[in-house]
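Work through the exercises below with the sequence and the model at hand. Try each task before reading its solution.

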Amino acid sequence: VISKWGPGIDSIDSAAATERDILVCRTPNAFTHPVADTVLGYILCFARNLPFMDTAMKNGTWKKIPGRALNEATIGVIGVGAIGEAVLRRAKPFGAVLLGNDIRDIDPAIIAETGVEMTSLDDLLTRSDYVSVNCDLTDLSRHMMDRRAFDLMPEHAVVVNAARGPVINEPDLIEELGAGRIGGAAMDVFEYEPLPADSPLRQMDNVLIAPHNSNSSRRAWERVHVSTLDQLVSGLKSASL
């Protein structure tokens, strides 16, 4: 039995495990709330320019940086699963226009509750001020956010990735950010972790980065500890029958 701590199993060769009769378990929806909180926190940081004004003030500069109220903004969510849905629920009270994209059909009840407009990926990228990436890492989503995708976004737009690092083509993102073709990025995950010390992302003023920590939550961690062990024991018991 391979009992994965957390929901993501893209680091496990599931096909090889199946060939060897190895059961692979995970904890789906484990970190929905803390990750969704993180996404909305990043969006608010960019909308209100909170970290940038803080840095300026501490450097001795009294500078009023123009912000944006979320009821003046459009938020696009790529991947309307548990976390994407939670992001939409959090964003709705702020009055933003909400767009969603998913390869699956989304429950009409969720659409009615959140007021999200489901649309194509290209339309979402073209219209969104903030783009939250919340999809799984698959062959379809790997490097989905590349130069072509970034070029569709408005120059002021911000991309937030708290899903899986390889969904974003980092060299393309760095080039687009450096050239001013998109406004900023907030990243909790990266293609290579830990983020290399020489990554240009570490030096960019329009980028907020964190060490893959959006799942930080005492209750969520405890729940995943118990679930991981329960699934391991249950799987071993089944294998011994």
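**Exercise 1. List the residues that Asn215 is in contact with, leaving aside its neighbours within four places in sequence. Then state where Asn215 is found and whether it is buried or exposed.**

Solution.

Step 1. Contact means heavy atoms within 4.5 Å. By this test, and without neighbours within four places in sequence, Asn215 is in contact with Trp5, Phe31, Pro34, Val35 and Trp221.

Step 2. The model is predicted: local features need pLDDT of at least 70, side-chain atom pairs count only at pLDDT 80 or more, and totals for chains, interfaces and linings use all residues. Residues are numbered from 1 along each chain as its sequence is written, and side-chain values use heavy atoms, with hydrogens and water left out.

Step 3. Helices (H or I, at least four residues) and strands (E, at least two) are DSSP runs, numbered from the N terminus. Asn215 is in the loop between strand 9 (207–209) and helix 9 (218–240).

Step 4. Buried means under 20% relative accessible area, exposed means over 50%, and partly exposed is in between (1.4 Å probe, protein chains only). Asn215 has 16% relative accessibility, so it counts as buried.

**Exercise 2. Find how many aromatic pairs the whole structure holds, and describe each by centres and planes.**

Solution.

Step 1. A pair of aromatic rings is described by the distance of the centres and the angle of the planes. Rings of Phe, Tyr and Trp (its six-membered ring) pair if their centres lie within 6.5 Å; planes under 30 degrees apart count as stacked, over 60 as edge-to-face and the rest as tilted.

Step 2. The search of the whole structure gives two aromatic pairs. In one of them, Trp5 and Phe31 have ring centres 5.4 Å apart and planes at 40°, so this pair is tilted.

Step 3. Trp5 is in the loop between strand 1 (2–3) and helix 1 (14–19), and Phe31 is in the loop between strand 2 (24–25) and helix 2 (32–48). With their positions 26 residues apart, the pair links distant parts of the chain. Trp5 counts as partly exposed at 31% relative accessibility, whereas Phe31, at 7%, counts as buried.

Step 4. The rings of Phe46 and Phe52 have centres 5.3 Å apart and planes at 55°, so this pair is tilted too. Phe46 and Phe52 are both buried.

**Exercise 3. Check the length of helix 9 against its expected span, then say which of its residues are buried.**

Solution.

Step 1. The expected span of a helix is 1.5 Å times one less than its number of residues. For the 23 residues of helix 9 the result is 33 Å; the end C-alpha atoms are 34 Å apart, which agrees.

Step 2. Buried residues of helix 9 include Ala220, Val224, Ser227, Thr228 and Gly235. What covers the buried residues includes strand 1 and helix 2.

Step 3. Ser240 also lies in helix 9, but it counts as exposed, at 59% relative accessibility.

**Exercise 4. Which residues touch the most other members of the largest nonpolar core, and which element gives the largest share?**

Solution.

Step 1. A nonpolar core is a set of buried Ala, Val, Leu, Ile, Met, Phe, Trp, Tyr and Cys residues joined through side-chain atoms within 4.5 Å.

Step 2. The largest core has 34 residues, and Ile43, Phe46, Ile75, Leu98, Tyr130 and Val160 touch the most other members. Two or more residues each come from helix 2, strand 3 (74–78), helix 4 (82–91), strand 7 (158–161) and helix 9. Helix 2 gives the largest share, eight residues.

Step 3. Another core, of 30 residues, lies apart from this one; Leu125, Val131, Leu137 and Leu195 are among its members.

**Exercise 5. Locate the cis peptide bond and examine the positive phi of Asp21 and of His212.**

Solution.

Step 1. Most residues other than glycine have a negative phi, and most peptide bonds are trans.

Step 2. The cis bond joins Glu193 and Pro194, with omega about -5°. Pro194 is in the loop between strand 8 (184–187) and strand 9.

Step 3. Asp21 is not a glycine, yet its phi is positive, about 60°. Asp21 lies in the loop between helix 1 and strand 2 and counts as exposed, at 74% relative accessibility.

Step 4. His212 has a positive phi near 50°. Its place is in the loop between strand 9 and helix 9, and His212 is partly exposed, with a relative accessible area of 33%.
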